[in-house]
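Please read the following report alongside the sequence and the model. It moves from the sheet to the interior, and then to single residues.

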Amino acid sequence: MDYVRLGSTGMRVSRICLGMMSYGDPSKGPDWVLDAEGGEPLVRRAADAGITFFDTADTYSVGASEEVTGRLLREIFPRREDYVLATKVFFPVEQATNDRGLSRKHIHAAIDASLTRLGTDYVDLYQIHRWDDHTPIEETMQALNDVVRSGKARYLGASSMFAWQFAKAQHVAEVNGWTKFVSMQNHYNLLYREEEREMIPLCLDQGVGLIPWSPLARGLVARAGSPDLATTRGDADGRIEELYGGPSDGAVLDRVAEVATGRGVSPAQVGLAWLLAQPGVTAPIIGATKDLHVDDAVAAEALTLTDKELTSLAEPYQDRPIAH
């Protein structure tokens, strides 16, 4: 496993990030979520393969993902310094009026609650899960700066939003001497490349690292060439039709299957290797509920696609509406 700096920071992360949304409490989230006992072998397998970067959020399994994440990482790694832990704030965990958004009140309450569930004194990367239309960005950035200054977070990151929103947030932080975002967790994969219009060029210019979510398009890329291969998560995923089904999806998936067959590797490895080869991408965030998911991601990190293969995979794509 290779390790690189997250954006322009000095912090190094593994080139694969394990998304912890797959672990938590099935009674509080989707039925495909694994509890601590079911998730432990997979997280340990990832750690043994060199993955040291883990991403969760307070809203996953209504807080249970953070609890399981903290417990497993404490059991698997000898020291807190041995891994990079990221979580997020925005969506509700509880249902009171102020238990959501990016107000100063919610941010300070949320970070304390996250640290309690995670069982740690700090997170390495604290991310805003979405943009908040109802809170002045000045209030949000000052509150986030306070979180860093208090030692509860080492760095700040953002997730899906428009490029103008991200630029505005960075500008507000810069002019006030507050902590800026060092990473962008955006929606980016072979079936959805609209981030290449503005967000990715902005991040490249500003030295912001990309840690894409849904790198395999909710499993569609992994099933290229075998579209009838159903999964429990896929069957229950109400957002697949919302996010995908673009005019070029079929052609792109055909290219994935073609390259995978030619290389003798899985489509998942091809999709992840393509993403890892894109400018600015630090570490795709993969979900894993089976050993194969971890193994494919680790193998993809060592797979170098040729220029011809990269061009072939990218060629059929057609622009589509923005989908966050």
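Which residue in β7 is the bridge partner of Tyr-126? The partner is Leu-156, and this pair belongs to the parallel pairing of strand β6 (residues 123-128) with β7, which extends over five bridges. Strands here are DSSP runs of E with at least two residues, helices are runs of H or I with at least four residues, and both are numbered from the N terminus; two strands count as paired if DSSP finds at least two bridges between them.

This is a predicted model, in which local features need pLDDT of at least 70 and side-chain atom pairs count only at pLDDT 80 or more, while totals for chains, interfaces and linings use all residues. Residues are numbered from 1 along each chain as its sequence is written, and side-chain values use heavy atoms, with hydrogens and water left out.

**The sheet**

Strands β6 and β7 are part of an open sheet of eight strands with parallel pairing, in the order β9-β8-β7-β6-β5-β4-β3-β10. Its edge strands, each of which pairs on one side only, are β9 (209-210) and β10 (285-286). Strand β7 is largely enclosed by the rest of the structure, because five of its seven residues are buried; buried means under 20% relative accessible area, exposed means over 50%, and partly exposed lies in between, with a 1.4 Å probe and protein chains only. At the β10 edge, strand β3 (residues 17-19) runs parallel to β10 and is joined to it by two bridges, with Leu-18 having Ile-286 as its bridge partner.

**The interior**

In soluble globular proteins, nonpolar side chains tend to be buried together. The largest nonpolar core (a set of buried Ala, Val, Leu, Ile, Met, Phe, Trp, Tyr and Cys residues joined through side-chain atoms within 4.5 Å) has 89 residues, and those with the most contacts inside it are Leu-18, Tyr-126 and Phe-166. Helix α10 gives the largest share of this core, seven residues. A second, separate core of twelve residues includes Met-11, Ala-86, Leu-125 and Ile-211.

Contact means heavy atoms within 4.5 Å. Leaving aside neighbours within four places in sequence, the residues in contact with Leu-18 include Val-43, Phe-54 and Ile-286. Leu-73, found in helix α2 (residues 64-76), is likewise in contact with Val-43 and Phe-54, and also with Tyr-83 and Leu-85, on the same basis of leaving aside neighbours within four places. Leu-73 and Glu-40 are 33 residues apart in sequence, and their C-alpha atoms are 9.2 Å apart in space.

**Burial of selected residues**

The table gives the relative accessible area of five residues.

| Residue | Relative accessible area | Class |
|---|---|---|
| Leu-73 | 0% | buried |
| Ser-214 | 12% | buried |
| Gln-269 | 13% | buried |
| Phe-162 | 40% | partly exposed |
| Val-62 | 40% | partly exposed |

Gln-269 has its place in helix α10 (residues 267-276), and, not counting residues up to four places away in sequence, Gln-269 touches Asp-296, Ala-299, Ala-300 and Leu-303.

**Backbone exceptions**

Most residues other than glycine have a negative phi. Val-62, in the loop between β4 (53-55) and α2, has a positive phi of about 50° although it is not a glycine. Ser-214, which lies in the loop between β9 and α7 (232-236), also has a positive phi of about 50° without being a glycine.
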